[in-house]
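Biologist: I am new to this structure. Please show me how to read it, feature by feature.

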Amino acid sequence: MQNTDKEGQSERRIEGRHSVLEALRAGQLLERLFVQKGCKDGPVLSILREAKKSGVMVDFVPRERLDHMSETGSHQGVIAVLSAFSYSEVEDMFALAEKRGEDPFIFLLDGIEDPHNLGAIIRTANLAGAHGVIIPKRRAVGLTATVVKASAGAIHYTPVAKVTNLVAVMEQLKERGLWFACADMEGEVMYRHNLTGPIGLVIGNEGSGVSRLVKEHCDYITSIPMKGDIDSLNASVAAGVMAFEIVRQRGYVS
């Protein structure tokens, strides 16, 4: 079924315990699961177990919010949001880089939760000439309809892959020649790093930044010079500033 969020963007949703459980067991791509706070009966626990196995992000919300979201009026305390776009594979990113005759340039997003940020980062990745975006299955937003809309069409040209373990993927990519730079306020100013060659740009969660384990697997801890009265940039803005420093160093602009 389809529903509409406050911005008028169509979302594909499934309502009701049986429908959601069967969707999970059938392997449908669910981006987010909304469960009524306090529901702990057998069917709900089964849904939560399946969601955990599939890496689906779960939000526990008041019944009033589910009532507002529901189109059928019989959500039974459970509503799931389906993926609005198909995922690619990491291999598709290498294929795109090879087709263009370029060193791989890949974004890795460590826990981006705001769909507008994810959409904006995908748009930036496309405009910066990146070959793809990698996101984790857990504790992060996926390709919802809001993300697709916020990407302004870039999602059709920029591969997005969802992976179980970012660190494991980073290790695999290192074996294929990539170096990793993560944005962090305590890092060295980005102009002092060599950001040419095969590279992965790591952007962290809107609040907590790049997680400790992911940061430990980065080759460069890189900061953006700031002179204002506040100490941080929005995640998508930080991604844009870093991405175009990579563009500059790679010689795409004079």
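Modeller: We will go through a helix, a buried residue, a pocket and some backbone angles. This is a predicted model, where local features need pLDDT of at least 70, side-chain atom pairs count only at pLDDT 80 or more, and totals for chains, interfaces and linings use all residues. Residues are numbered from 1 along each chain as its sequence is written, and side-chain values use heavy atoms, with hydrogens and water left out.

Biologist: How far apart are the end C-alpha atoms of helix α2?

Modeller: Helices (H or I, at least four residues) and strands (E, at least two) are DSSP runs, numbered from the N terminus. The expected span is 1.5 Å times one less than the number of residues. For the 13 residues of α2 (42-54) that gives 18 Å, and the end C-alpha atoms are 19 Å apart, which agrees.

Biologist: Which residues of α2 are buried?

Modeller: Buried means under 20% relative accessible area, exposed over 50%, partly exposed in between (1.4 Å probe, protein chains only). In α2, Val44, Ser46, Ile47, Glu50 and Ala51 are buried. Seen down the axis, they fall within an arc of 155°, so they line one face. That arc is taken from the directions from the helix axis to the C-beta atoms. An α-helix has 3.6 residues a turn, so residues three or four places apart point the same way. On the face turned away, Arg49, Lys52 and Lys53 are exposed.

Biologist: What covers the buried residues of α2?

Modeller: Contact means heavy atoms within 4.5 Å. The cover includes α1 (17-25), β3 (30-36), β4 (57-61) and β5 (78-82).

Biologist: Where is methionine 93, and is it buried or exposed?

Modeller: Methionine 93 sits in helix α4 (90-100). With a relative accessible area of 0%, methionine 93 is buried. Beyond its neighbours within four places in sequence, its contacts include Ile106, His131, Val133 and Pro159.

Biologist: Which element gives the most to the lining of the second largest pocket?

Modeller: β9 does, with 4 residues. Among the other elements that each supply at least two lining residues are β10 (199-204) and α9 (235-249).

Biologist: What is the phi of glutamine 76?

Modeller: Most residues other than glycine have a negative phi. Glutamine 76 is not a glycine, yet its phi is positive, about 55°. Glutamine 76 lies in the loop between α3 (63-69) and β5. At 45% relative accessibility, glutamine 76 counts as partly exposed. Alanine 152 also has a positive phi of about 55°.
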